[in-house]
Every structure is written in structure tokens, then in C-alpha cells.
Amino acid sequence: MTSYSPAVTSYSALERQVSYHASLRRAAVRQAVTRTLVVVGALLAGAGAGLLPLEAVALGIVIVLAIAVWRTPALGAYLVMGLTPLTTGIDRGTLIPVLRPNEALLALVGGVLFARWLFGLRALNGGRVQVDTVLGSILALALTSSVVPLVWLALRNEPITSDDLLYTLVIWKYLGVFLLVRSAVRTAAEIRWCLLVSIGAAVLVAIVAVLQSRGVGVVINALSHYYVTNGNVDALSDSRGSSTLTLPIAVADLMVFNLAIIVGMWLYARMRPVLVVGAACMIVAGTLAAAEFSGVLGLAVGVLVLLVVTQSGRLSKITLPGLMLAVLGLWPVIHVRLLGFQSTSGLPVSWTGRLFNLRNYFWPVLREGNNYLLGVRPAARIPAPHRANGFIWIESGYTWLLWAGGIPLLLAFIFFVVSCWRVAWSAARHATGSQRVAGLATVTALAVMTVLMSFDPHLTYRGSADALFALIALTVISPHPAPPNVPPSLRPPRPEVIHVHV
């Protein structure tokens with residue numbers, strides 16, 4: 001009988017070795033790119049500091065942010081979720097040419113993450129983009145709100161305006177928010193940080209809204225420099241808290257979404273009660289400071305959903321007293337809004353004006369030639385030179401769906417709500433920790449948005465829509481376990497030798 005001992009390397013050991021060498025290559029690429037960015041940034045900053053100092057400083061900030069996001073992808077999600085509510089009300093061209101500051105930040109972070117993907121340093125969970133029902137529903141929304149109406153306009157030989165093109169990009173932008181958060185966030189701890197950042201930003205927005213609604217001159221003057229829509233400075237002093245979103249109803253939506261996060265953090269993530277009470281009171285006050293009746297309706301829907309989903313006795317006991325305290329604190333603002341019901345029609349002027357516009361400018365056009373089948377055009381407004389702001393907007397979300405994309409866009413919206421609701425409901429009921437909080441907030445946000453779409457196109461409101469799509473992304477993430485703290489686990493394994501005797 002012959003005896004020999006061939007060295008046979010096991011598959012698992014070989015797999016670990018390959019993984020180790022791949023991690024070394026990724027680290028080398030990371031270091032090379034980081035060094036290149038630092039050198040290029042230093043050269044450009046040195047060359048431009050004397051000629052264009054402000055531009056040089058801005059470029060330096062961009063490079064630092066790019067390096068930080070390259071090294072820590074989750075930081076990109078924190079920046080987008082934290083800075084978007086604070087900057088989205090700044091008009092395009094005010095600080096940055098063409099783009100709003102939050103759109104420029106989204107492009108920067110998305111570009112860095114895409115570059116990581118090209119270099120093989122995938123931040124995306126699992127390294128691949130999986131087109132599940134949620135992502136598919138958002139893609140359906142994007143396509144039916146852009147490609148379908150543009151093709152329909154071309155077939156009818158209708159002119160395609162710049163306004164049409166801008167509106168076709170809206171859902172694509174929110175798809176970008178969804179993909180960015182979904183690809184950058186990997187662990188439960190990072191999901192928790194995203195939720196905390198969202199709460200912090202919402203509290204700041206609420207503080208500004210409350211002070212603005214109470215007529216604090218310093219706040220109104222500060223907002224008048226950058227946060228003015230269509231040059232209408234007077235709108236800052238009409239007892240409505242538009243805050244840094246420049247849209248009161250979007251402020252109310254953002255508040256309700258974050259109230260759901262706060263409740264979830266209190267019930268499922270052990271957030272300190274003192275912080276919960278303080279943040280919740282400020283958020284409810286911000287909702288009422290927006291002084292929108294649909295915002296109050298959204299708050300009622302949100303609280304009802306929270307009570308049903310959580311089935312928490314503690315929450316039910318504090319809900320009514322908390323709302324009463326908020327109403328008492330902001331009664332002067334609420335009283336001003338209630339005066340609108342003392343008109344001859346019994347309705348506020350804003351409501352009668354909304355119905356007049358729908359009945360005279362939009363519904364007749366939808367009925368004409370069955371335009372509701374494939375829509376009229378992507379732009380959600382029509383020019384009106386006789387108006388102060390130059391446009392008449394569609395103040396009905398479901399009318400906007402039919403106007404912009406017809407039946408295909410309406411069906412895509414229903415598919416989107418159902419798909420996201422099923423995933424979020426499952427997370428809110430069966431997940432644990434921060435992901436359960438994200439599921440609860442997403443369920444609440446979807447319910448509020450779907451109900452309030454009867455009044456306005458809440459699906460696309462800047463600031464609140466960004467928060468909605470970010471929450472959906474946090475809900476569908478499959479958190480990876482935290483990386484081990486033991487460095488030897490990264491060491492290459494020794495070949496496993498098996499002695500075979502024949």
C-alpha cells in the first residue's frame with residue numbers, strides 16, 4: 001500500500017484568503033484615491049486662494065466632504081437627512097448656480113458613492129442593486145411621471161417647455177434619495193443615527209416655524225434673505241410657519257413624520273423620556289405653527305395610525321394632554337386661522353380659491369378629449385400673468401396624478417403605496433430596534449401622505465418628500481452585523497492541510 005500526503009486547501013479557508021486579499025486591494029484603492037484628492041485639493045486651494053478666496057474655501061469644503069463620505073458612506077446619509085430640511089427652501093441660483101443647496105449635496109454624495117461602486121468599494125448592501133417591489137414601484141412612479149407624458153406630448157405635437165422638463169425630474173430626485181440612503185446605510189446603529197439626525201433637523205425647523213408664526217422679527221428678517229418663494233416676502237408674516245422649507249404644509253408633514261420617529265424611539269429604542277417629551281412637544285408645536293388645516297388633519301391621521309399600530313397604553317394616555325397643551329401654547333396662531341371660517345361662504349378664502357382653480361382651469365381640461373387617460377403635461381402648474389406669483393398650481397394631489405401622467409401614473413402611485421405599506425407594516429410589527437422605528441414612521445408617513453393627497457400633491461413636497469423616501473429606504477435595509485473588533489479576524493488564514501493515507 002502506497003502512502004502520500006498531498007496538501008489540500010479547504011474551500012472555506014481559500015474563500016477567507018481571497019476575501020482578505022480583496023480587502024487589502026480595497027484598502028489600497030481607498031488610500032490612493034484619498035491621497036489623490038488631498039493633493040489635488042491642496043493644489044487647487046493654493047492656486048485659487050489668492051484669486052478667488054470664497055470659491056477656494058467652497059472647493060475645500062467640497063473636497064473634505066467627498067473624502068469623509070468616501071471613507072464613511074453612512075455620513076452621506078446623515079448629511080442628506082440632516083441638511084435637506086434646513087436648506088431645501090433656498091431657491092436655485094441663490095447660493096449655488098442652477099441647483100438648490102440640498103440638490104447639490106445629493107449630487108455630491110451620490111457621485112462619491114457611485115465612484116466607490118466603480119472602484120469596487122461597494123457601499124451597497126450585498127454589493128448589488130436588487131430591484132424588489134419597493135424599488136420597482138418608485139421606478140414606475142418615475143417613468144410614468146416623465147417618459148410617458150413626454151412621449152404623449154410629442155405624439156400630440158405639443159410643445160415641451162422647460163417647466164415640463166423640470167417637473168419630470170422630481171420623482172427621479174427622490175429615487176436618488178432612496179438609493180443613496182439605501183446604499184450608504186448598512187448597520188442597525190447607522191439606521192439609528194439617521195433617525196436621530198432626522199429628529200434633530202425637524203426640531204430646528206419647528207423652532208423656526210413657531211417663532212416665525214408668532215411674528216418674531218429677527219427670525220422673519222433672517223428668513224427674508226434666503227427663504228423666500230417667488231420673491232413674496234409678505235408671505236413670511238402671515239402667521240404661517242413656512243420655516244426653512246418655505247412651504248407651511250410641507251413643514252406640517254415633516255413634523256408628523258418625525259413625531260412617528262420619536263414615538264418609535266421611545267417605545268422600541270429606549271430613547272430617554274426627557275428627550276422624547278421635549279422633542280415631541282416641539283414637533284407638535286411646529287405642526288400647529290404651520291397653521292394649515294390639512295396639517296392638523298395629517299396630525300390626527302398620524303396619531304391615529306400610531307395608536308393602532310403600536311397598541312400602546314402609554315401612548316394613548318399622553319396623546320390627548322399633549323395635544324391640548326400644544327393648542328393652548330399656540331392658540332393665537334390657531335385663532336387667526338379659525339377666523340377664515342367666518343366668511344360668507346363659511347370656508348376660508350384659500351379653500352374657495354382652490355376649488356375655483358380646479359373647476360375653471362384643470363378639471364375641464366382633463367375631461368376634454370379624455371385627457372385623464374394619459375394626462376395633459378408634466379408641469380403641475382399653468383402660467384397666469386395676472387397672478388402675483390405668475391402661476392396657478394394644482395392644489396389637489398390626485399388631480400395632479402391624472403394631469404401629469406393620467407391613469408398610468410395613478411396606478412403607479414397605488415402600486416407604490418401598497419408595496420411600501422406592506423414592507424413598512426411588516427417592519428413596524430415584527431422587526432426590532434431602529435428598523436422597527438423606521439417601519440412605524442414609514443407606515444405613518446404613507447398614511448398621512450395618501451390621505452392629504454386629496455388636497456395637495458404631498459408626494460412631491462420638498463423636504464417632507466425627501467424624508468418620506470429616506471424613511472422607506474431605512475425600512476427596506478437588511479442591517480449587517482456590526483464589524484468585529486478583533487483585528488486577528490482580518491489576518492489571512494493558514495492553509496488547512498489534510499493528510500490522506502491510501
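This is a short dialogue on reading burial, contacts and salt bridges in a predicted model.

Trainee: Let's start with one residue. Where is Thr84 found?

Mentor: Place a residue in its element before anything else. Thr84 belongs to helix 3, which spans residues 73-87.

Trainee: Is Thr84 buried or exposed?

Mentor: Go by relative accessibility; buried means under 20%. Thr84 has 5%, so Thr84 counts as buried.

Trainee: Which residues does Thr84 touch, leaving out those up to four places away in sequence?

Mentor: Leave out the sequence neighbours, then read the list. Thr84 has contacts with Leu79, Asn102 and Asp466.

Trainee: And how are the C-alpha atoms of Thr84 and Pro101 placed?

Mentor: Read the spacing in sequence and in space together. Thr84 and Pro101 are 17 residues apart along the chain. Their C-alpha atoms are separated by 8.1 Å.

Trainee: Now the charged pairs. How many salt bridges are there?

Mentor: The cut-off is a side-chain nitrogen of Lys or Arg within 4 Å of a carboxyl oxygen of Asp or Glu. The count comes to 8 salt bridges.

Trainee: What is the N to O distance between Lys173 and Glu103?

Mentor: It is 3.9 Å, and the two side chains meet in a salt bridge. Lys173 lies in helix 8 (residues 170-184) and Glu103 in helix 4 (residues 101-118), so the pair ties together parts that are 70 residues apart in sequence. Lys173 and Glu103 are both buried.

Trainee: Which residues are linked with Lys173 in a network?

Mentor: Look for bridges that join up. Arg92 and Glu103 are linked with Lys173 in a network of salt bridges.

Trainee: Where do the partners Arg240 and Glu292 lie?

Mentor: Check the distance, then the elements. In the salt bridge between Arg240 and Glu292, the closest N and O atoms are 2.7 Å apart. Arg240 sits in the loop between helix 10 (217-226) and helix 11 (248-268), and Glu292 in the loop between helix 12 (273-289) and helix 13 (293-310), so this pair ties together parts 52 residues apart in sequence. Arg240 and Glu292 are buried.

Trainee: What do Asp456 and Arg354 tie together?

Mentor: Take the same steps. Their side chains meet in a salt bridge at 3.2 Å, N to O. Asp456 is in the loop between helix 18 (433-452) and helix 19 (464-476), while Arg354 is in helix 16 (residues 349-367), so the pair ties together parts that are 102 residues apart in sequence. Asp456 is buried, as is Arg354.

Definitions and conventions:
Residues numbered from 1 in each chain as written. Predicted model: local features only at pLDDT ≥ 70, side-chain atom pairs only at ≥ 80, totals over all residues. Heavy atoms only, no water. Helix = DSSP H or I, 4+ residues; strand = E, 2+ residues; numbered from the N terminus. Buried < 20%, exposed > 50% of the residue type's maximum accessible area, 1.4 Å probe, protein only. Contact = heavy atoms within 4.5 Å.
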